[in-house]
Amino acid sequence: MTKRQGYLWAGMFGILLCAGYFAAASELPLGTIDEPGARLFPLLVNALLLIASLACVREALMSPGMGKKLAFPVGADAKRLFGLVILLLGYFCAMPWVGYLLSSLVFATLLVRLLSGAAWLRCIVYGVLMTALTWLFFIYFLKVPMPSGVIVF
């Protein structure tokens, strides 16, 4: 696969994803300016994803040097990519069972460790901060319902 084809596929996939994401988000309440509903954040994310997808398509069509063969990461980069995919799958599978807070804390901590190689204590602190900030933004301010989990500790 060439670089041009990879960019086109990524851009087209993103545009299709936007269509499905928009359809799913349109079922959520929009709310008001004073009290935004659960639809606000998905619409903002959808707009950003659409812009990025269109930029990929534009890049594929307009940039010179896109005929080069697309190379898959090797070595440490391949391990990080594989680890990221496994972490994301684990996060999305675990969230309905253990809930948003615990799954997000574990995911954020392991993500920081995977991408930075920082000491475990620092990774845990960053994981707690990331989880607390996302909880504050999504659950407190935007009132997005998140899974509380089936497994009770």
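**Figure 1. L111 and the nonpolar core of this predicted model.** Setting aside neighbours within four places in sequence, L111 is in contact with L84 and L87. L87 and L111 both belong to the largest nonpolar core, which has six residues. The other members are Y91, M95, Y100 and F107. Two helices, α3 and α4, are the elements that give two or more residues to this core. So what are we looking at here? It's a set of six residues that are buried, because that is what membership of a nonpolar core requires.

**Figure 2. A look into the largest pocket.** Rolling a probe the size of a water molecule over the atoms shows where empty space is left. In this model, the largest pocket holds about 570 Å³ of space. Its lining is made of 21 residues, and the ones closest to the centre are Y91, M95, Y100, F138 and M146. Y91, M95 and Y100 should look familiar from the first view, where they are listed in the largest nonpolar core. Which helices supply at least two residues each to the lining? They are α1 (3-25), α2 (40-62), α3 (76-98), α4 (100-116) and α5. As for chemistry, the lining has 18 nonpolar and three polar residues, and no charged ones.

**Figure 3. T131 in helix α5, up against residues 100 to 108.** Helix α5 runs over residues 120-141, and T131 sits in it. Is T131 buried or exposed? T131 is buried, because its relative accessible area is 6% and the cut-off for buried is under 20%. Skip the neighbours within four places in sequence, and T131 is in contact with Y100, L101, S104, L105 and A108. One of these, S104, comes with a polar pairing: its backbone oxygen lies 3.5 Å from a polar atom of the T131 side chain. Y100 is worth a second glance too, since Y100 is also one of the six core residues.

**Figure 4. M130, right beside T131 in the sequence.** Like T131, M130 is found in helix α5. At a relative accessible area of 35%, though, M130 is partly exposed, because that value falls between the 20% and 50% cut-offs. Its contacts, leaving aside residues within four places in sequence, are A108 and V112. A108 shows up in the T131 view as well, where it is in contact with T131. S104 is 26 residues away from M130 along the chain, and the two C-alpha atoms are separated by 8.4 Å.

**Figure 5. C18 and N46, from helix α1 to helix α2.** C18 has its place in helix α1, while N46 is in helix α2. How far is the backbone oxygen of C18 from a polar atom of the N46 side chain? The distance is 3.4 Å. Both partners are buried: C18 has a relative accessible area of 4%, and N46 has one of 9%. Not counting residues up to four places away in sequence, C18 touches N46, L49 and L50. Seen from the other side, and with the sequence neighbours within four places again left out, N46 is in contact with C18, Y21 and F22. For scale, C18 and P42 are 24 residues apart in sequence, and their C-alpha atoms are 9.9 Å apart.

**Figure 6. S26, in the loop between α1 and α2.** This view moves off the helices to S26, a loop residue. S26 counts as partly exposed, at 36% relative accessibility. From S26 to F41 you go 15 residues in sequence and 11 Å in space, C-alpha to C-alpha.

**Figure 7. A55 in helix α2.** A55 lies in helix α2, which also holds N46. N46 is buried, whereas A55 counts as partly exposed, at 41% relative accessibility. How far apart in space are A55 and A78, which are separated by 23 residues in sequence? C-alpha to C-alpha, the two are 25 Å apart.

Terms used. Residues numbered from 1 in each chain as written. Predicted model: local features only at pLDDT ≥ 70, side-chain atom pairs only at ≥ 80, totals over all residues. Heavy atoms only, no water. Helix = DSSP H or I, 4+ residues; strand = E, 2+ residues; numbered from the N terminus. Buried < 20%, exposed > 50% of the residue type's maximum accessible area, 1.4 Å probe, protein only. Polar contact = N/O pair within 3.5 Å; in protein donor to acceptor, adjacent residues only side chain to side chain. Contact = heavy atoms within 4.5 Å. 1 Å grid on protein atoms, 1.4 Å probe; cavity = no way out; pocket = protein on both sides within 12 Å on 5 of 7 lines; lining within 4 Å. Points joined across faces, edges and corners; volume = space filled by probe spheres on them. Nonpolar A, V, L, I, M, F, W, Y, C, P; charged D, E, K, R; others polar. Core = buried A, V, L, I, M, F, W, Y, C linked by side-chain atoms within 4.5 Å.
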